[in-house]
Amino acid sequence: MSNCKYCGKNVGLLKKTHSECVELYNKGISEIRKIPLKYDSNIIPDGTLELAAGTGKKYYISEHESKTILLDEFKEVIKHLLSDELLSEKNEQIILSINKLFPEIIDNEKRLKIVQESIIRELLNGNIPSNRIRLEGGMPFELMKDETVVYLFKSSSLAECKDSAVRPLGFQPSPLNKGIYMERLHFFHIFDGFNRIIKAGDLYITNRNIYLYDGNNKGLKDRFSYDDINFLVPYDDWLVISIGFYAHAFKVDNSWFAFNLVNNLMRMWLPEKHSTPSDSLATAEYLIEKIKNDFSINEKEKLYAAHNKMQNNTIGITSSENNLENQLLKHKAPALHFSRLLDHLDAIDDFNICEKIFSIVETNNELQKDYNFLFFYYINKINIYYKNRDAVNGAFDKAMESCINMIKATKPLSCSNSKKNISENPSHPGYKQLAIIYHKQGKYDEVIKLCEQAKSEWWKGDWDKRIEAAKIKLEKGK
Ligand SMILES: [Zn+2]
């Protein structure tokens, strides 16, 4: 003979509980589990724990057990609220009201997520959040006038890449989309360079600058102004910024957050520079019109296939966003996006399509003034003609002509960079390819002249070696 563990009364032989008591107990559990639903989309009131305890009491459930059941249920609610694209203000309030009942329910990871998503939400609403983070011990260095710290990444580091030119990404991801936006094709190589961590410190993000502050070393700080940053790329746990031709990468714990944080702050600081400018839209419309009229159905299919290939090299972009025309409209640098199709077309089989792209780009006056774009455009053009130099009549001359045009078009770029003292310019395929061609043609005087010019414009390359080789040939020829 034993007693029922619920009601405490006799249950008779071979039994431990009354089946009706078990039923009541189970009903009690489901009643407590329903409590959060009562407040669906509302703040959870202070008396909710007592309500659960009172409910439990009616069904043989102890106060402690009632609390545990409710806690498990609210854990699910919080998980659900945090799975939204971006935490809304209302959901943040609900989470805070649950946190009041169960102070242990939000661990550090969740707290960080709530803070970060709330900062992005405020930025999207046009406010600069200044009270979301606490700086223990105050600011260690002086800020500019009207400058506010918005976020601090502790124990970050800086890596730099000065080995090769970085092509602007331009594509503006929707701030709510939590994908990683990285054009693997054009960026993966720079991450080899990024293995060189050059500095460690705390990363201060303000409404005007990024600072890497090395508190251990008498407070040395490096400042990166939003005025100078051309574009941002989140990559794994790095935020990559481009200044001039070169890239700098900062270690961050969450690159989705870091990207949206800095991207929104830059747009607020310099809206005309960091939002899609109206001339981008005009260029996009021009290109779309050309795609429609200048290509046959067959050729269009090849363009779209090339675009798909290109997008598949971009992490975090879903197939629904693969439409070429839509991408051009969204792009900050649509011509660059369009000319990148050249990377994914076959230089020889799709030669006619490539030539149409050249003609579309070169009959647009605005694009002929866009030095940044032309730098990358000519790299493709030189390659395609040079590859076809034996197969296509006149292709060799066109390759040479493209080198000369690239040299002309990029001269203003080299000057503006050396004025800003951004060390060396990247390597210049126009100069390099033309130097190779002149050397093969035996035009050694031209090689020397050309390499001296490349040196004077600070383009990276083995110019001295080429000059030396040409001089030796000239000596032998005498
Ligand atoms: Zn019983």
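**A walk through the predicted chain**

Of the 478 residues in this protein chain, 34% count as buried. What you have in front of you is a predicted model, and its secondary structure comes to 19 helices and 13 strands. Contacts that link distant parts of the sequence feature strongly: take the contacts with a separation of 6 or more, and 62% of them are between residues 24 or more positions apart.

Before getting into details, a word on confidence. The mean pLDDT of the chain is 84, and 85% of the residues reach 70 or more. Among the elements, helix α14 (residues 351-362) has the highest mean pLDDT, at 96, while strand β4 (residues 182-183) has the lowest, at 36. Around that strand, pLDDT is below 50 over residues 168-190, although the model still gives this stretch 61 contacts beyond near neighbours in sequence. Residues 315-320 also stay under 50, with nine contacts beyond four places in sequence. Where pLDDT is low, the predicted coordinates should not be read in detail.

Now for the interior. The largest nonpolar core has 49 residues, and the ones touching the most other members are A335, L341, F373, I382, V447 and L450. Helix α15 gives the most to this core, with 11 residues. If you'd like one residue to start from, try A335: leaving out residues up to four places away in sequence, A335 touches T283, L287, V361, L367, D370 and F373. Another core, of 38 residues, lies apart from the largest one, and its members include L158, Y213, I241 and F257.

Helix α15 deserves a closer look. The helix has 17 residues and reaches 24 Å from its first C-alpha to its last, close to the 24 Å expected at 1.5 Å a residue. How does the rest of the structure sit around α15? Of its 17 residues, 13 are buried, so α15 is largely enclosed by the rest of the structure.

To see this at the level of one residue, find I379, which sits in α15 (residues 371-387). Is I379 buried or exposed? The cut-off for buried is 20 or more other C-beta atoms within 10 Å; I379 counts as buried because it has 21 of them within that distance. I379 also shows how the chain brings together residues separated in sequence: P429 is 50 residues apart from I379 along the chain, yet their C-alpha atoms are separated by 6.3 Å.

How values were computed: Residues numbered from 1 in each chain as written. Predicted model: local features only at pLDDT ≥ 70, side-chain atom pairs only at ≥ 80, totals over all residues. Helix = DSSP H or I, 4+ residues; strand = E, 2+ residues; numbered from the N terminus. Buried ≥ 20, exposed ≤ 12 C-beta atoms within 10 Å, placed from the backbone. Contact = placed C-beta atoms within 7 Å. pLDDT = per-residue confidence, 0-100. Core = buried A, V, L, I, M, F, W, Y, C linked by C-beta atoms within 7 Å. Expected span 1.5 Å × (residues − 1).
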